[in-house]
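Hi everyone, thanks for making time for this one. I'd like to walk you through a single chain, starting with the whole and then stopping at a few residues. Here it is on the screen.

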Amino acid sequence: MALNIHAIGLSDVGIQRTANEDAFVLCPEEEFFAVADGMGGHASGQVASTVAVECLQKYITELAKEPQHKFTFPVHAGAGPPERLLSNAIQWANERVFIESMKNLELEGMGTTIVCAKGHGEFLILGHVGDSRV
């Protein structure tokens, strides 16, 4: 039985900050959802969070579906295909954020947290990096 998910995305700067560094992606057709929060006080957190969610979406919706696709990043030995997919998507997005930071000195050191979820049948696979919580 597939999960019945209704997704709505909303972000607010809150009372602590003057700029919102959040970015999110909702892909209900793929049962994939992600939120990234640029690291406050670090260079270009908004850029990092936007790059991260765009790359996660691209990996899940395009790259992982290519016939020659292989999971190239390391994962826990007991991980099954859905966990490998989500882990590799996160690691690929991290690599893209790092590459973007190397292209422009103004972006050097940028970073973001990630929280994401991917439906798989009756299961929901969760992934996170950083201090953001699911």
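Let's begin with charge. The chain carries 9 positive and 17 negative side chains, and the centres of those two sets sit 7 Å apart. Please keep in mind throughout that this is a predicted model.

Now the overall layout. There are two helices and four strands in the chain, and reading along the sequence gives you the pattern β-β-α-α-β-β. The radius of gyration is 15 Å, close to the 14 Å that the globule rule gives for 134 residues, so the chain is as compact as a globular protein of that length. If you prefer to think in box dimensions, the C-alpha trace spans about 45 × 30 × 25 Å along its principal axes.

How much of the chain is buried? Of the 134 residues, 36% are. The accessible surface comes to about 8,400 Å², and carbon and sulfur atoms account for 56% of that. As for how the sequence folds back on itself, take the contacts with a separation of 6 or more: 56% of them join residues 24 or more positions apart.

Next, something for those of you who think about reducing agents. How many disulfides does the structure hold? Zero. As a reminder, a disulfide is a covalent bond between the sulfur atoms of two cysteines. Here, the closest cysteine sulfur to that of cysteine 27 is in cysteine 116, and at 11 Å it is too far for a bond. Both residues are tucked away from the surface: cysteine 27 is buried with a relative accessible area of 0%, and cysteine 116 counts as buried at 2%.

Let's move to the loop between strand 1, residues 22–27, and strand 2, residues 32–38, where we find glutamate 31. Most residues other than glycine have a negative phi. Glutamate 31, though, has a positive phi of about 50 degrees, and it is not a glycine. Is glutamate 31 buried or exposed? At 18% relative accessibility it counts as buried, because the cut-off for buried is under 20%.

What lies 9.7 Å from glutamate 31, C-alpha to C-alpha, while being 90 residues apart in sequence? That is glycine 121. You'll find glycine 121 in the loop between strand 3, residues 112–120, and strand 4, residues 123–129. Glycine 121 is partly exposed, at 39% relative accessibility.

Staying with strand 4, glycine 127 is found there too. This glycine counts as buried, with 9% relative accessibility. Which residues does glycine 127 contact, leaving aside neighbours within four places in sequence? They are Leu86, Ile90, Ile114, Val115 and Cys116. So one of the two cysteines we just met, Cys116, turns up again as a contact of glycine 127. Glycine 127 and alanine 89 are 38 residues apart in sequence and 9.9 Å apart in space, C-alpha to C-alpha.

On to the helices. Helix 1 covers residues 45–61, and valine 53 lies in it. Valine 53 is buried, with a relative accessible area of 5%. Setting aside neighbours within four places, valine 53 is in contact with Ala23, Phe24, Val25, Ala34, Val35 and Ala36. For a sense of distance, valine 53 and isoleucine 125 are 17 Å apart, C-alpha to C-alpha, with their positions 72 residues apart in sequence.

My last stop is helix 2, residues 81–103, where arginine 84 has its place. Is arginine 84 buried or partly exposed? It is partly exposed, with a relative accessible area of 28%. Not counting residues up to four places away in sequence, arginine 84 touches Phe71, Val75 and Ala79. Histidine 69 and arginine 84 are 15 residues apart in sequence and 12 Å apart in space, C-alpha to C-alpha.

To pull it together: we have a β-β-α-α-β-β chain with zero disulfides, a buried glutamate 31 with a positive phi, and a buried valine 53 in helix 1. Thanks for listening, and I'm happy to go back to any of these residues on the screen.

How values were computed:
Residues are numbered from 1 along each chain as its sequence is written. This is a predicted model: local features need pLDDT of at least 70, side-chain atom pairs count only at pLDDT 80 or more; totals for chains, interfaces and linings use all residues. Side-chain values use heavy atoms; hydrogens and water are left out. The radius of gyration is taken over C-alpha atoms; the globule rule is 2.2 Å times the number of residues to the power 0.38. Buried means under 20% relative accessible area, exposed over 50%, partly exposed in between (1.4 Å probe, protein chains only). Contact means heavy atoms within 4.5 Å. Accessible areas come from the Shrake-Rupley method with a 1.4 Å probe; for residues, only the protein chains shown count as cover. Lys and Arg count as positive and Asp and Glu as negative; His and the chain ends are not counted. The place of a charge is taken as NZ of Lys, CZ of Arg, CG of Asp or CD of Glu. A disulfide is a pair of cysteine sulfur atoms within 2.5 Å.
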